[in-house]
Amino acid sequence: MTSAQDPEAGAGWRLFRGDGVPRAVALPSAPPWRRFSPTPAVRPELPYLIEPQHADVVNAALHLRRPLLVTGPAGTGKSSLARAVAHELRLGELLRWSINSRSTVREALYQYDAIGRLRETTLSRDRGEREPSIGTFIRLGALGTALVPSATPRALLIDEMDKGDVDLPNDLLTVFEEGYFDIPELTRLPEDMAEVEVQTADHRGTVTVRRGRVQCAEFPVAVITSNGERDFPPAFLRRCVRLDLPVPDEARLRAIVSAHLGEAALREADDLIDAFLRRRAPGELATDQLLNAVFLRTGGVDLDAEGLLDAVLHQLTGAM
């Protein structure tokens, strides 16, 4: 008798039943790619599979100290590549700047809380206390933190550049070329306040900024992702090394399933991989959706049940 015939089959995975009856439920272990740790450094790092010719492009960007512009449809592993590079090269916690339509280079470099400073300064004066340092109200953004001088470069992910304003790529040119930026609120300070401690984006504490300038010693390992939804200015492209990640073929999909879930899971995934390949079109299905389906299958879920496979392998484009 199959699970479709037996109403009790598969009850172990049906945590929610929609019958309005409260019950104590032990949640099963999450998929490996959905496990988190309060300490990023100890978060388990999943294997990243990349073709040798694509790895060579990454190495070219590393040697040239140029940003790596990674393009490709959703689900091809663009963002994961940045994490993999940071992990393999031991560059510390990955700094991330997620782009949206309102993003500016200024916010990625630093934020200054002028209102908070005015309020705290007024309160300190009223109490007869020393005014707080201006550095207390300045926090470097992800890009600004990546440009702080250090013995080894920081890893920076600039995610989904094509979501930003059309002028954003050009606004980055000076920073990419010169490797520094100024904080005007600090450059105007008198000589006896030439050194100011400011906060960083990774909450590791503070760094010293002298005369308002942050100048990197090593250009950060910058990975910029794009879904290929629009063209970028030639001046911006000239300063980047470009990598176009294709959608994985069947052999690559099998290798990904095996690396993330093991050979045993791969042996149960033939029909799911076939269904994924039949349904996939550029930009419509992502590799992690296949991993989701295989993970559910290995957990005892009947993915042949009506509607369930459709729910897992849903298109990423078009009307819902």
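**Entry 1: the E1/E11 pair**

I began with strand E1, residues 68-71, and found that E1 and E11 pair in the parallel sense over 4 bridges. Looking along this pairing, I noted Thr71 opposite Asp244 of E11. I am working from a predicted model, so I keep confidence in mind throughout.

Next I asked what lies on these strands. Helix H1, residues 52-64, lies across E1, E10 (221-226) and E11, and I get about 165 degrees between H1 and E11. Helix H2, residues 78-88, also packs on the sheet, where H2 touches E1, E2, E5 (155-159), E10 and E11. The direction of H2 makes about 170 degrees with that of E10.

**Entry 2: the whole sheet**

In what order do the strands of the open sheet run? I read E2-E5-E10-E1-E11, 5 strands with parallel pairing. The edges are E2 (95-98) and E11 (241-244), each of which pairs on one side only. On average, neighbouring strands here are turned by 20 degrees against each other, direction ignored.

I then checked the two faces of E11. Val241 and Leu243 make up the covered face, while Arg242 and Asp244 belong to the uncovered one. That puts Asp244, the partner I had noted opposite Thr71, on the uncovered face of E11.

**Entry 3: helix H2 from the inside**

Which residues of H2 are buried? My list reads Lys78, Ser79, Leu81, Ala82, Ala84, Val85 and Ala86. These buried residues pack against H1 as well as E1, E2, E5, E10 and E11. Just after the helix, I came across Arg90 with a positive phi of about 55 degrees.

**Entry 4: Leu157**

I picked Leu157, in strand E5, for a closer look. Is Leu157 buried or exposed? Leu157 counts as buried because its relative accessible area is 0%, under the 20% cut-off.

For its surroundings I left aside neighbours within four places in sequence. The contacts of Leu157 are then Ser79, Ala82, Leu94, Leu95, Arg96, Trp97, Val223 and Thr225. Ser79 and Ala82 are already on my list of buried H2 residues. I also looked up Pro220, which is 63 residues from Leu157 along the chain; their C-alpha atoms are separated by 9.9 Å.

**Entry 5: the E7/E8 hairpin**

Moving away from the parallel sheet, I turned to strand E7 (195-199) and strand E8 (206-210), which run antiparallel and are joined by 5 bridges. The side chains of E7 alternate: Val196 and Val198 are buried on one face, whereas Glu195, Glu197 and Gln199 point to the other and are not buried. Opposite Val198 I find Val207 of E8. The hairpin has 6 residues between the strands, and His203 in this hairpin takes a positive phi near 60 degrees.

**Entry 6: two more positive phi values**

Most residues other than glycine have a negative phi, so I wrote down the exceptions I met. Arg65 is not a glycine, yet has a positive phi of about 55 degrees. Arg65 sits in the loop between H1 and E1, and I count this residue as partly exposed because its relative accessibility is 43%, between the 20% and 50% cut-offs.

Glu160, also not a glycine, has a positive phi near 60 degrees. I located Glu160 in the loop between E5 and helix H6 (168-171). With a relative accessible area of 23%, Glu160 is partly exposed too.

**Entry 7: cysteines**

How many disulfides does the whole structure hold? My search gave 0. I looked up two cysteines all the same: Cys216 is buried at 12% relative accessible area, and Cys240 is buried at 10%.

**Entry 8: the chain overall**

I counted 14 helices and 11 strands. Of the 320 residues, 39% are buried. The chain exposes about 18100 Å², with 51% of that supplied by carbon and sulfur atoms. Among contacts between residues at least 6 apart in sequence, 75% join residues at least 24 apart.

**Entry 9: confidence**

The mean pLDDT is 85, and 89% of the residues score at least 70. Among the elements, E5 has the highest mean, 97, and helix H14 (308-312) the lowest, 74. Over residues 1-9 the pLDDT is below 50, and this stretch has 5 contacts in the model beyond near neighbours in sequence. Where pLDDT is low, the predicted coordinates should not be read in detail, so I left them there.

How values were computed:
Residues numbered from 1 in each chain as written. Predicted model: local features only at pLDDT ≥ 70, side-chain atom pairs only at ≥ 80, totals over all residues. Heavy atoms only, no water. Buried < 20%, exposed > 50% of the residue type's maximum accessible area, 1.4 Å probe, protein only. Contact = heavy atoms within 4.5 Å. Areas by Shrake-Rupley, 256 points an atom, 1.4 Å probe, with all protein chains shown as cover. Disulfide = S-S within 2.5 Å. Pairing = 2+ DSSP bridges. Axes fitted to C-alpha atoms, helices over the stretch in contact; angles between N-to-C directions. pLDDT = per-residue confidence, 0-100.
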